[in-house]
Amino acid sequence: MLGEQVFTPNFPLKHAHKDLRLAVETGKATGIPTTVTKAACDLFGAARDKGFGDRDISAVVRALTDP
């Protein structure tokens with residue numbers, strides 16, 4: 001997927017971002033730190049904001065590689 005830059009959705013990035021966001025919110029509500037989850041959520045959010053929300057979660061790499 002990464003080498004060919006083909007991100008046919010098996011699990012859309014936007015759904016993974018939603019799940020990560022809910023995990024961060026749950027952590028806040030219960031007082032449990034979610035440092036790594038929050039970092040992943042931010043990265044997935046950046047990829048979604050760049051238009052990759054309907055692609056596979058592996059398209060998250062585009063948040064790091066696309067200007």
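**Why these words fit this chain**

Me: Ala29 is found in helix 1. What makes Ala29 count as exposed?

Reply: Its relative accessibility is 68%. Buried means under 20% relative accessible area, exposed means over 50%, and partly exposed is in between, with a 1.4 Å probe and protein chains only. A value of 68% is over the limit for exposed, so Ala29 earns that word. One note before we go on: this is a predicted model, in which local features need pLDDT of at least 70 and side-chain atom pairs count only at pLDDT 80 or more, while totals for chains, interfaces and linings use all residues. Residues are numbered from 1 along each chain as its sequence is written, and side-chain values use heavy atoms, leaving out hydrogens and water.

Me: What is meant by a helix here, and how many does the chain have?

Reply: Helices (H or I, at least four residues) and strands (E, at least two) are DSSP runs, numbered from the N terminus. The chain has three helices and zero strands, and its elements run α-α-α from the N terminus on.

Me: How do you know that helix 1 has the span its number of residues calls for?

Reply: The expected span is 1.5 Å times one less than the number of residues. For the 18 residues of helix 1 that gives 26 Å, and its end C-alpha atoms are 26 Å apart, so the two agree. Helix 2 (residues 35–52) also has 18 residues. Helix 2 reaches 24 Å from its first C-alpha to its last, which is close to the expected 26 Å.

Me: Which residues of helix 1 are buried, and why can we say that they share a side?

Reply: The buried residues are Leu13, Ala16, His17, Leu20, Val24 and Gly27. They cover an arc of only 100° around the axis (the arc is that of the directions from the helix axis to the C-beta atoms), which puts them on the same side of helix 1. A bit of background helps: an α-helix has 3.6 residues a turn, so residues three or four places apart point the same way. On the other side of helix 1, Ala29 and Thr30 are exposed. Just after helix 1, Gly31 takes a positive phi of about 80°.

Me: What makes us say that the buried residues of helix 2 line one face?

Reply: In helix 2, Cys41, Phe44, Gly45, Ala47 and Phe52 are buried. Seen down the axis, the buried residues of helix 2 fall within an arc of 165°, so they line one face. The face turned away from that buried side carries the exposed residues Thr35 and Asp49.

Me: What do these buried residues pack against?

Reply: Those of helix 1 pack against helix 2. Those of helix 2 pack against helix 1 (13–30) and helix 3 (61–65). Contact here means heavy atoms within 4.5 Å.

Me: Which word fits Lys38, Glu25 and Asp49: buried, partly exposed or exposed?

Reply: Lys38, whose place is in helix 2, has a relative accessible area of 34%, so Lys38 is partly exposed. Glu25 sits in helix 1 and comes out at 41%, so Glu25 is partly exposed. Asp49, found in helix 2, has 58%, so Asp49 is exposed.

Me: How far is Asp49 from Thr8, and Glu25 from Asp42?

Reply: Asp49 and Thr8 are 41 residues apart in sequence and 18 Å apart in space, C-alpha to C-alpha. The C-alpha atoms of Glu25 and Asp42, 17 residues apart along the chain, are separated by 13 Å.

Me: How much of the chain is buried, and how much area does the chain expose?

Reply: Buried residues make up 31% of the 67 residues. The chain exposes about 4300 Å², with carbon and sulfur atoms supplying 61% of it. Accessible areas come from the Shrake-Rupley method with a 1.4 Å probe; for residues, only the protein chains shown count as cover.

Me: What are the dimensions of the chain?

Reply: Along its principal axes, the C-alpha trace spans about 40 × 25 × 20 Å.
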